[in-house]
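Work through the exercises below with the model open in a viewer. Try each task before reading its solution.

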Amino acid sequence: MNYAEIKKTDIANGEGVRVSLFVSGCRRHCKNCFNKVTWDFSYGNPFTRETEEEIFAALSPDYIAGLTLLGGDPMEPENQRALLPFVREVRERFPSKNIWCYTGYTYRDGTIEEEQAACETTRELISLLDVLVDGRFVEELKDIRLKFRGSSNQRVIDVKRSLETKSVVLYLT
């Protein structure tokens with residue numbers, strides 16, 4: 001997996017001050033995507049153990065609320081496979097930090113609705129998240145007043161409560 005950027009003090013992509021990892025690779029190609037450069041799976045730098053250690057160090061300060069995964073699309077199967085061991089380790093090292101993930105795919109029943117994105121790692125990766133922002137960005141539904149999403153079709157989902165209740169529970173409406 002490649003990544004495009006790491007923001008070590010991001011306040012736009014989740015609650016609080018966060019570390020955000022922008023992965024490379026997205027097949028959704030939403031019209032007027034804010035980050036088209038990350039559609040290419042080869043864009044950016046290889047995601048290595050050194051990259052992980054850099055992110056772990058950035059997550060260490062008490063003022064950092066958590067990690068955000070976005071891109072590109074973290075839920076592309078290639079990205080899921082690379083992210084799963086990393087996210088497991090984030091959970092182990094930083095149990096009090098939360099993890100947000102943005103995807104153009106749709107959450108349903110603990111997995112991804114679209115078959116092309118669901119793979120052997122999907123359920124476990126989702127189970128390690130706290131918040132999932134799902135759905136394609138739709139230019140015609142763009143609303144700059146929305147918190148943590150670009151268009152009104154996208155949902156900000158409380159993953160833990162959704163898994164417990166076996167239905168979608170919104171984190172923010």
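The exercises go from the whole chain to single residues. Keep in mind that this is a predicted model.

**Exercise 1. Fold inventory**

Task: State how many helices and strands the protein chain has, and give their order.

Solution:
- Step 1. Count the elements. The protein chain holds 4 helices and 10 strands.
- Step 2. Read them from the N terminus. The order is β-β-β-α-β-α-β-β-β-α-β-β-α-β.
- Step 3. Test the overall size against the globule rule. The radius of gyration is 15 Å, and the rule gives 16 Å for 173 residues, so the chain is as compact as a globular protein of that length.
- Step 4. Box the C-alpha atoms along the principal axes. The box is roughly 40 × 35 × 35 Å.

**Exercise 2. Burial, contacts and charge**

Task: Describe the protein chain by its buried share, its contacts, its surface and its charges.

Solution:
- Step 1. Take burial. Of the 173 residues, 52% count as buried.
- Step 2. Take contacts between residues at least 6 apart in sequence. Of these, 65% join residues at least 24 apart.
- Step 3. Take the surface. About 8,300 Å² is exposed, and carbon and sulfur atoms supply 50% of it.
- Step 4. Take the charges. There are 24 positive and 27 negative side chains. The centres of the two sets lie 4 Å apart.

**Exercise 3. Aromatic pairs**

Task: Classify the ring pairs that Phe56 forms with Phe86 and with Phe94.

Solution:
- Step 1. Search the whole structure. It yields 6 aromatic pairs.
- Step 2. Look at Phe56 and Phe86. Their ring centres are 5.5 Å apart and their planes differ by 25°. Planes under 30 degrees apart count as stacked, and this pair is stacked.
- Step 3. Place the two rings. Phe56 is in helix α1 (residues 49-59) and Phe86 in helix α2 (residues 77-93), so the pair ties together parts 30 residues apart in sequence. Both residues are buried.
- Step 4. Look at Phe56 and Phe94. The centres are 6.4 Å apart and the planes stand at 40°, so this pair is tilted.
- Step 5. Place Phe94. It sits in the loop between α2 and β5 (98-102), while Phe56 is in helix α1, so the pair ties together parts 38 residues apart in sequence. Phe94 is buried, as is Phe56.
- Step 6. Follow the ring pairs outward. They link Tyr3, Phe47, Phe56, Phe86 and Phe94 into a cluster.

**Exercise 4. Positive phi**

Task: For Asp109 and Phe148, give phi and the loop, and decide: buried or exposed?

Solution:
- Step 1. Recall the background. Most residues other than glycine have a negative phi.
- Step 2. Read the angles. Asp109 has a positive phi of about 55°. Phe148 has a positive phi near 65°.
- Step 3. Locate them. Asp109 is in the loop between β6 (107-108) and β7 (111-112). Phe148 is in the loop between β8 (131-134) and β9 (155-158).
- Step 4. Check accessibility. Asp109 has 51% relative accessibility, so it counts as exposed. Phe148 has 14% and is buried.

**Exercise 5. A buried loop residue**

Task: Find where Thr38 lies and which residues it touches.

Solution:
- Step 1. Locate Thr38. It is in the loop between β2 (17-23) and β3 (45-46).
- Step 2. Check burial. Its relative accessible area is 1%, so Thr38 is buried.
- Step 3. List the contacts, leaving out residues up to four places away in sequence. Thr38 touches Ala4, Val23, Ser24, Gly25, Cys26, Gly71 and Gly72.
- Step 4. Take one of these, Gly72. Thr38 and Gly72 are 34 residues apart along the chain, with their C-alpha atoms separated by 4.7 Å.

Definitions and conventions:
Residues numbered from 1 in each chain as written. Predicted model: local features only at pLDDT ≥ 70, side-chain atom pairs only at ≥ 80, totals over all residues. Heavy atoms only, no water. Helix = DSSP H or I, 4+ residues; strand = E, 2+ residues; numbered from the N terminus. Rg over C-alpha atoms; globule rule 2.2 N^0.38 Å. Buried < 20%, exposed > 50% of the residue type's maximum accessible area, 1.4 Å probe, protein only. Contact = heavy atoms within 4.5 Å. Areas by Shrake-Rupley, 256 points an atom, 1.4 Å probe, with all protein chains shown as cover. Lys, Arg positive; Asp, Glu negative; His and termini not counted. Charge placed at Lys NZ, Arg CZ, Asp CG, Glu CD. Phe/Tyr/Trp six-rings, centres within 6.5 Å; stacked < 30°, edge-to-face > 60°.
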